[in-house]
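Work through the exercises below with the sequence and model open. Try each task before reading its solution.

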Amino acid sequence: HIGNQNQLPVVKPYTGQKASLNNLYLEQAQTQTTNAYSRQAKILSLEDAIQIAVKRNPNIAQTISTLAGQNANIDVAKAQYYPQLKAGMNTGDFTSNDKGRQLYSVEANQLLYDFGKVKSSVTTQQNKLAVEQANVLISIDDISTQTARDILSLLRYRNIIKIAQDQFNGVSRLHEIARLRADAGISSNADPVQAQSYVEYARSYLITQQNFLKQQEQKLRTLLGFDVSQMDFNIPDEFVKQSGLYDDPEMNTIPTMI
């Protein structure tokens, strides 16, 4: 702890881990008089997080419902191939001998040939089914991509905050040294003033990154349905190998192309 509260920032020096891509812990410096803290996070794999986001997203549920409805449309189109039965009841014609009577009628029709009209209708509905299947895949891809990007951004801001905290601590120590040298008459009084501006900039940058981190946490809370401020995310190295970054793309497997 360093004295002279009127000049120096109130954020205490960070004593946690250095910035690292693995085994991240949520260690954020709180503003004003709140002490810095370190909390070991629960670990969730990137794949599990994406599955959670996909299962709870309403847009995907809607596209799946539309897909189920399109399946029914195919059955309706195929129904034209089968015999059509109609039954009804009406009142007899008053100008005939059946006047006033209740007449029942049954009618049966069987399609013999329609020059491919029904077949074309079935094919159209089947193609629409393929479109809806692709729409489901597109929705899943969109949510998966958004979730993965938000998780990577979250980890990025956590590391940036650790680096910014180290930077803040460093300039704070330089400011204290400059102040002591100026008080002792070794250096100019302008040195601590200039060092103070660096401290204020470092503090402002740190707070800005903390705000960005909070925004990413809120985005993931919306996608996953729970607080991720104490959650760590594991990204397996196998993901890079499985991604096929250097393979030729198979166009017929890309949902948008489908």
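**Exercise 1. Placing Phe239**

In which helix is the place of Phe239? Find its partners across the sequence as well.

Solution. The model is a predicted one. Phe239 sits in helix H5, residues 238-242. Next, check its cover. Phe239 has a relative accessible area of 26%. The buried class ends at 20% and the exposed class starts over 50%, so Phe239 is partly exposed. Now list its contacts, setting aside neighbours within four places in sequence. Leu46 and Glu47 are in contact with Phe239. Last, compare sequence and space for one pair. Glu47 and Phe239 are 192 residues apart in sequence, yet their C-alpha atoms are 9.5 Å apart.

**Exercise 2. The overall layout**

Write down the order of helices and strands, then describe the contacts and the surface.

Solution. Start with the count: the protein chain has five helices and four strands. Read along the sequence, their order is β-α-α-β-β-α-α-β-α. Then turn to contacts with a separation of 6 or more. Residues 24 or more positions apart account for 72% of these. Burial comes next. The chain has 258 residues, and 31% of them count as buried. Finish with the surface. About 17,300 Å² is exposed, with 52% of it supplied by carbon and sulfur atoms.

**Exercise 3. Testing two helices for length**

Compare the expected and actual spans of H3 and H4. Then look at the residue that follows each helix.

Solution. Take H3 first, residues 117-183. It has 67 residues, and the rise is 1.5 Å a residue. The span uses one less than the number of residues, so the expected value is 99 Å. The end C-alpha atoms are 96 Å apart, which agrees. Just after H3 comes Gly185, with a positive phi of about 80°.

Repeat for H4. Its 35 residues should span 51 Å. Its end C-alpha atoms are 51 Å apart, in agreement. Gly225 follows H4, and its phi is also positive, near 90°.

**Exercise 4. Taking apart the nonpolar core**

Which residues of the largest nonpolar core touch the most other members? Trace the elements that supply the core.

Solution. Begin with the general rule. In soluble globular proteins, nonpolar side chains tend to be buried together. Here the largest nonpolar core holds 24 residues. Those touching the most other members are Ala49, Ile151, Leu154, Leu220, Leu224, Val228 and Phe233. Now sort by element. Two or more core residues come from each of helix H1 (46-56), H3, helix H4 (190-224) and strand E4 (231-234). H3 gives the largest share, nine residues.

Then zoom in on Ala49. Beyond its neighbours within four places in sequence, Ala49 is in contact with Leu44, Thr147, Ile151, Leu224 and Phe233.

**Exercise 5. Auditing the salt bridges**

How many salt bridges does a search of the whole structure find? Examine three of the pairs.

Solution. The search finds six. Side chains of opposite charge can pair when their charged atoms come close.

- Step one: Glu176 and Arg179. Their side chains meet at 2.7 Å, N to O. Both belong to helix H3, three residues apart, so about one helical turn separates them. Glu176 is buried at 14% relative accessibility, and Arg179 is buried at 15%. Asp183 joins Glu176 and Arg179 in a network of salt bridges.
- Step two: Lys214 and Glu217. The closest N and O atoms are 3.8 Å apart. This pair is three residues apart in helix H4, again about one helical turn. Lys214 is partly exposed at 45%, whereas Glu217 is buried at 6%.
- Step three: Asp227 and Arg221. The N to O distance is 3.9 Å. The cut-off is 4 Å, so the pair counts. Asp227 is partly exposed at 41%, and Arg221 is partly exposed at 40%.

For the two helical pairs, recall the geometry. An α-helix has 3.6 residues a turn, so residues three or four places apart point the same way.

**Exercise 6. A nonpolar patch on the surface**

Which residues make the nonpolar surface patch of about 300 Å²? Place one of them.

Solution. The patch is made by Tyr81, Tyr82 and Leu111. Pick Tyr81. It lies in the loop between helix H2 (58-78) and strand E2 (84-91). Its relative accessibility is 39%, so Tyr81 counts as partly exposed. Patch residues need over 30%, so Tyr81 passes that test.

Conventions. Residues numbered from 1 in each chain as written. Predicted model: local features only at pLDDT ≥ 70, side-chain atom pairs only at ≥ 80, totals over all residues. Heavy atoms only, no water. Patch = residues over 30% accessible without salt bridge, like charges linked within 9 Å, V, L, I, M, F, W, Y side chains within 5 Å. Areas by Shrake-Rupley, 256 points an atom, 1.4 Å probe, with all protein chains shown as cover. Buried < 20%, exposed > 50% of the residue type's maximum accessible area, 1.4 Å probe, protein only. Contact = heavy atoms within 4.5 Å. Core = buried A, V, L, I, M, F, W, Y, C linked by side-chain atoms within 4.5 Å.
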